[in-house]
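These are my notes from a session with one structure. I looked up the sheet, then the helices packed on it, then a few loop residues.

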Amino acid sequence: MADGWERLAREDPLWAIDPSLADADVAAFRATGAALVAQVLEWAAPARWDRALEIGFGIGRNLVHLAEQFARVDGVDVSPTMVELAREHGLPANVEVHVTDGRSLAALPDASFDLVFSNLVLQHVGDEDVVAAYVRETARVLTDDGVAALQFDTRRLPFAARVARALLPGAKRRAMRRYPRAAEWVRAQAATAGLTVSVEHGDAANHWFVLRPA
Ligand SMILES: C[S@@+](CC[C@H](N)C(=O)[O-])C[C@H]1O[C@@H](n2cnc3c(N)ncnc32)[C@H](O)[C@@H]1O
């Protein structure tokens with residue numbers, strides 16, 4: 001998992017994050033995060049605007065917009081090169097980025113974030129236990145009145161489509177493969193972690209769960 005994204009980050013980071021924006025310049029690429037961040041913040045309606053966290057931030061297209069709304073923003077990403085690229089392309093002074101081990105938020109303290117945000121990340125994690133661990137870690141770092149907005153792919157793919165997906169993509173695309181998970185499974189992980197589903201939005205390919213401490 002880590003190796004796959006690290007390789008993609010070195011070879012073709014913009015394409016890996018969003019193939020439709022592979023040829024965009026970085027400013028234009030990052031501008032595409034504004035509408036998504038605004039939409040998700042409207043859905044999540046955080047109670048406070050002190051600290052936000054993004055899990056899997058790529059080159060920072062959402063971080064820069066979160067930084068306009070929150071006093072302080074942290075980002076974690078499994079790829080050291082993505083972390084470096086985000087820094088090289090410039091980050092606001094209130095943003096701090098960290099390399100993660102790919103399954104925990106170990107660098108971050110308990111009960112400290114008003115918002116935890118993640119887009120186009122958990123859908124690429126093949127190991128179910130890792131996704132479950134991130135949901136538990138999200139619960140751990142949220143403040144009592146904090147809110148998480150996590151995107152999943154919850155499509156029910158026919159068996160044939162799942163087999164084709166597993167067999168067809170070449171090595172370059174492997175880390176980018178999507179692993180759809182049933183919405184019921186996501187809700188169960190949230191409940192186990194002590195989170196309630198406040199609201200759900202989007203379609204199954206981009207299914208947003210807004211979660212709050214129970
Ligand atoms: C498709 S990109 C999305 C980037 C960003 N969220 C955005 O919307 O532009 C996926 C990002 O998640 C990171 N990633 C993949 N698996 C991860 C994991 N287990 N933990 C943290 N980051 C991960 C990748 O390195 C990559 O930067």
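Entry 1, strand pairing. I began with two strands in the middle of the sheet order, bearing in mind that this is a predicted model. I found that Ser118 has Leu150 of β5 standing opposite. I then looked up Phe117, and its bridge partner in β5 is Ala149. Both pairs belong to the pairing of β4 (residues 113–118) with β5 (residues 142–152). I noted the sense as parallel, with 5 bridges.

Entry 2, the whole sheet. I traced the strand order as β3-β2-β1-β4-β5-β7-β6. The sheet has 7 strands, is open, and has mixed pairing. Which strands stand at the edges? I list β3 (95–99) and β6 (195–201). Each has a single partner strand, so one side of each lacks a neighbour in the sheet. I also recorded the turn between neighbouring strands, which is 20° on average with direction ignored.

Entry 3, burial of β5. I checked how enclosed this strand is. Of the 11 residues of β5, 9 are buried, so the rest of the structure largely encloses the strand.

Entry 4, helices across the sheet. I looked up α4 (residues 33–44) and found that it lies across β4, β5, β6 and β7 (207–213). Its angle to β7 is about 45°. I then took α9 (residues 183–193), which lies across β5, β6 and β7. For α9 the angle to β7 is about 15°.

Entry 5, a helix pair. I recalled that two packed helices are described by the angle and the distance between their axes. How do the axes of α7 (residues 128–141) and α9 cross, and within what distance do they come? They come within 9 Å and cross at roughly 45°. That angle makes α7 oblique to α9. I noted the crossing as right-handed. On the α7 side, I listed Glu128, Val131, Ala132, Val135, Arg136 and Ala139 as making the contact. On the α9 side, I listed Trp185, Gln189, Ala190 and Ala193. Sorted by class, the contact has 7 nonpolar, 1 polar and 2 charged residues.

Entry 6, Ser79. I located Ser79 in the loop between β2 (72–77) and α6 (80–88). Is Ser79 buried or exposed? Its relative accessibility is 0%, so I entered Ser79 as buried. I then looked up its contacts, leaving aside neighbours within four places in sequence. Ser79 touches Trp5, Glu6 and Ala9.

Entry 7, positive phi. I looked at two alanines. Ala45 has phi near 45°, a positive value in a residue other than glycine. I placed Ala45 in the loop between α4 and β1 (51–55). With a relative accessible area of 46%, Ala45 is partly exposed. Ala111 is not a glycine either, and its phi is positive at about 45°. This residue, Ala111, sits in the loop between β3 and β4. Its relative accessible area is 46%, so Ala111 counts as partly exposed.

Methods. Residues are numbered from 1 along each chain as its sequence is written. This is a predicted model: local features need pLDDT of at least 70, side-chain atom pairs count only at pLDDT 80 or more; totals for chains, interfaces and linings use all residues. Side-chain values use heavy atoms; hydrogens and water are left out. Two strands pair if DSSP finds at least two bridges between them. Axes are lines fitted to C-alpha atoms, for helices over the stretch in contact, and angles run from 0 to 180 degrees between N-to-C directions. Contact means heavy atoms within 4.5 Å. Angles under 35 degrees count as roughly parallel, over 145 as roughly antiparallel, 65 to 115 as roughly perpendicular and the rest as oblique. A crossing is left-handed if the near helix is turned anticlockwise from the far one by less than a right angle, and right-handed if clockwise. Ala, Val, Leu, Ile, Met, Phe, Trp, Tyr, Cys and Pro count as nonpolar, Asp, Glu, Lys and Arg as charged, and the others, Gly among them, as polar. Buried means under 20% relative accessible area, exposed over 50%, partly exposed in between (1.4 Å probe, protein chains only).
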